[in-house]
Amino acid sequence: MTVKNRTRWIATGVAYLITFVILLPLLWLVLLSFQTNENILSNPFSPAHLNLANYQQAMQTLNLLVMYKNTLILALVSVPAGLVVSYLAAFALTRMVFRGGRRRVQNSVRYYFLAGLAVPVYILLFPVYRLDIAMGLFGSYAALILPYIAVSIPFNILLLTGFLREFPEEIEQAAVIDGVGLWQMAWKVVFPLMRPVIATLAILNVIYVWNEFPFAVTLINDPTMTTLSLGISQFQGAYGADYGAMMASATLVLVPQLAIYALFQRQVIAGMTAGAIR
Amino acid sequence: MNWLTGRRRFTLMIAPAFLLYTLYMVYPIAYSVYYSFTDFDGVAESGFAGLGNYRTMARDAVFWTSMRNTGIILAIAVLLLIPLAFLVAVLLSGNVKGSSVLRPLVFAPAIVAPILVGLIWIFILDPKIGLANALLVAVGVPARPQWIGGTALSPYSIAFVYLWQQIGFIVTVFYAGLKMLPKDVMEASTLDGASRFQQLRYIVVPMLQETFGICTALVVTGVFKVFELVYALTGGGPVHLSEVMVSYMYHVTFTTLQYSYGMALAVIVFLAGAVASVTTLVVMRRRAAA
Amino acid sequence: MSTLTSTVARPRTTRTRRLLIAAVATVLVASPLTACGAATTAGGKAAGDSVITLSMHNPDSKTQDPATYKIVEAFNAKNPTMKVNLVGQPVEQHEQQMTIAAQSDTLPDVFWVYNSLAQTMNKNGNLLDLTPVLAESGLNGKFAPPMLAGFRNGATQYGLPYQALVTGFYYNKDLLAKNGVTLPATFEELVAASKALKAKGVVPIAQGSNNSAFSVWAFLTMLDRFGYEQKYPGMLLRASSYDNPDFLRLYEHIDELAAAGAFPSNMTTQTYVQAVASFTSGQAAFVDTGVWDAAKIQQSPVGGSVGFWPGPTFSDGVGEQKLVMNAPSAPLVVSAKVKKDKKKYEAVKAFISFYYSDEGQQIMADNAQPPVTTYKPTVDAAKNPVFADVLAATTKPGWSSPQAQPDLVVSAETASAMYDSLYGVMSRSLSPKDAVQLVHRSFK
């Protein structure tokens, strides 16, 4: 065996070990979801009474179809819209220059956006609730969509401005020589090359919307608007909690989510190879 | 290469993001700052309280405990999470067999809802019914450490769970950065006979300054937002010993109904997070420029 | 760095703007298109009917609060032109949402909140004075005075008791017998029993503080056995201190109990629900909880051999020792806005009348909740021995109840400090002296 081959096998072994350790807690979750609530709380190490009762309970209590529908609507509107507005702003902040070179304005605006990264979402709840009421949005999807976009902006801008700055000038120069205008530059030349970042952001934003709890629990008060992230809390009573059903509904939400991500991930890789800057 | 342009176009391109962000993020912060100077209880009309809430905070032992715990998590996250995530990204971007299968799996924890992360880890870290101590017993270690719920280990355990939760996410950002590196640089250095480590240290790391900056800023701001983990794992207990800044703010605002004091805590959380992340970004930019 | 001057012509600028507007519009269009889900909470009733919303602290009342669920069901069946729409969320989120709703004047018609929040809302004018409702429905004679007193401010009756809190220890008779322990009566006997059980590897008293710091019911009653009812009005006025020799003595006793190994090793990481589960699976001999768990315990594997015990008496206590907690829990309150809508007002009145009628209270008893009125329910002791045992404890000759549970007559902040002080000593993270001082500091 050559040295190169050996290092490859060691690297593979280490990679598999790390992956296993990272996955262990999730496997434990799935295992627990097949145990009775009693067992989970008192004797989780005896896999003697595995059954599907928790899944039945979860299916009965949760209207999964409605929850998937609502979550999808929220994600499909807020994520693309958030990416479009963020990309426009990020492009303006990094690739534009004013007469007289006002870099400082751009930098200040960038930091203005980035400061949002530090905002703990719990201080937004009361004011956003009041804003939604004042604008007559409460009870509609927009009541959640608008804050979801706003919350995604700082991170989107951080990543987009970062990658736009590292973007090689030569491509732009070549395009300008070809007589390309600003709008076309933004969308037809630069945007396609940013596909890996955009795809990565899309995935992360979808995950955020998928899991978002504090806004959802504050701004949704209608059972027909319930989202997936509220599912687990349905089993949290004042004087009782059904951990088995929680684990089962968590699994029911997680597994498809992971499958979708795994599928989408191939797209990301494709985007990366196509867009790689050589 | 930059695009010389008029102020109007610039304004137009910035406007949608700027408006939404200002309305839904900046206005609420202003709102919180305002209420932090009152004695608002969350419901009834309020009076002006000046710096009263901030004075209370300075004397509040639990606030300082929550600062210390947040600091512990921050230190562990920066010192362990960033290098570890970078190494895993390098590992996965190399020619590991089946890395296309491993990549989504490593990312899996980042998909899990934060509140669920806490719930899962209770059943691992609980000193009595948790998996961790059961494994210890299985391999013959007699000690049954109180990972959570005791007076000593909780913040470290929370930091570890935070590391688990974030690693897939940070790995992905590093991975995207690695994939955007020009291929010829790597190939050239391999031909030159640079060892893998030298290649990383002197070629890859310097070229990924911006990515390192982004990841550090993300981890740092993330630490100041840790909440659900603590909430589910220990509820901040026992007796608030494992409270972090946001969980304590939540407790004060929603459990003990001291709304204005909660907002004062929120303002400090925000300031601490903003200062930490902007410092990170500025330092990283300096280093990148140097 | 090369810089180029933009030579973009005018039409393109217009196009830029149009596309920008389109981007923003994508966001805004989503609202009217998708807002249709919002207003359809009435479900199946005609437009002319009066629908009121009852917002509770359980997301799935059917399984988590069957008494309320069944009362609503019976009410809706009896009143074809009225409908109570029962909604709910977990306690914390519910409290949070009610607080925000009070700020924005969007409270539901009838809802559950902790008394401390209800008091704040009442001060702010969010709540309806229920005095006329009680009078018009002829309900005044139905309550024992303490059941209403806690929810009154001057002449304003802002709330009504939702359910009764009967709290204390359940104990596993078989487990005690198997380990040669008899049911204790005094505190010294409880310490001795704990030591004996601990030595046999049994968890003496199941407790869980994670996300349930309030689960110290039996210990709150012990405060009453050290003169809490006489002392607390002075504390509220800052005329006397929680840090007094009597309370310190109690906390030293609790410390003694903790030292005897009475509490499980994972007390601070398990929730109270887990604590109950360790009792119902036969791993713990006692559990500190209340009547709401009677049905769950009855149906569990240990259900056949469980009794109810109000807690230990103290030879060095203050005042009456034969105390069993049987006090109103949190109130049901009504939004002040209901008064502006005549139909709603009538429906709320009808619902309240039904809730506190003998029929309503019997539904409560059928679902293992003691009545909050003076109604004497019929309970089949052979079928529900655990619930019957709890009810028997409340009517035992020579035993009486405090007027209110200690944590419900102080601010939310002090209540939280009380829970911390008790769990702090039980987990041995706080010394008795630190614990009483912690509570003392919370009085403002």
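Which helix of chain B holds B:Met207? The residue belongs to helix H9 of chain B, which covers residues 196-207. The model discussed here is a predicted one.

## B:Met207

B:Met207 is partly exposed: 17 other C-beta atoms lie within 10 Å, a count that falls between the limit of 12 or fewer for exposed residues and that of 20 or more for buried ones. B:Met207 and B:Ser46 are 161 residues apart along the chain, and their C-alpha atoms are separated by 54 Å.

## Chain B overall

Chain B contains 13 helices and one strand. In sequence order the strand comes at the start of the pattern and the helices follow, β-α-α-α-α-α-α-α-α-α-α-α-α-α. Along the principal axes, the C-alpha atoms of chain B fill a box of roughly 70 × 70 × 30 Å.

Of the 290 residues in chain B, 53% are buried. When contacts in chain B between residues at least 6 apart in sequence are considered, 71% of them join residues at least 24 apart.

## Nonpolar core

The largest nonpolar core comprises 319 residues. The residues with the most contacts inside this core include B:Ala85, B:Ile170 and B:Phe174 from chain B, as well as A:Ala89 and C:Phe351.

Apart from neighbours within four places in sequence, B:Ala85 is in contact with B:Ile167, B:Ile170, B:Val171, B:Phe174 and B:Cys215. B:Ile170 and B:Phe174 thus appear both among these partners and among the residues with the most contacts inside the core.

## Positive phi outside glycine

Most residues other than glycine have a negative phi. B:Leu257 has a positive phi, near 60°. B:Leu257 sits in the loop of chain B between helix H12 (245-255) and helix H13 (259-289). B:Leu257 counts as buried because 22 other C-beta atoms lie within 10 Å, and the cut-off is 20 or more.

C:Arg238 is not a glycine either, and its phi is positive at about 60°. In chain C, the loop between helix H11 (228-236) and helix H12 (245-259) contains C:Arg238. C:Arg238 has 10 C-beta neighbours inside 10 Å and is therefore exposed, the limit being 12 or fewer.

## Confidence in chain A

The average pLDDT of chain A is 83, and 92% of the residues score at least 70. Among the elements of chain A, helix H4 (residues 64-95) has the highest mean pLDDT, 93, and strand S1 (residues 96-98) the lowest, 70.

Over residues 271-278 of chain A, pLDDT stays under 50. The model has 19 contacts beyond four places in sequence for these residues. Where pLDDT is low, predicted coordinates should not be read in detail.

Technical notes:
Residues numbered from 1 in each chain as written. Chains lettered and ligands numbered in written order. Predicted model: local features only at pLDDT ≥ 70, side-chain atom pairs only at ≥ 80, totals over all residues. Helix = DSSP H or I, 4+ residues; strand = E, 2+ residues; numbered from the N terminus. pLDDT = per-residue confidence, 0-100. Contact = placed C-beta atoms within 7 Å. Core = buried A, V, L, I, M, F, W, Y, C linked by C-beta atoms within 7 Å.
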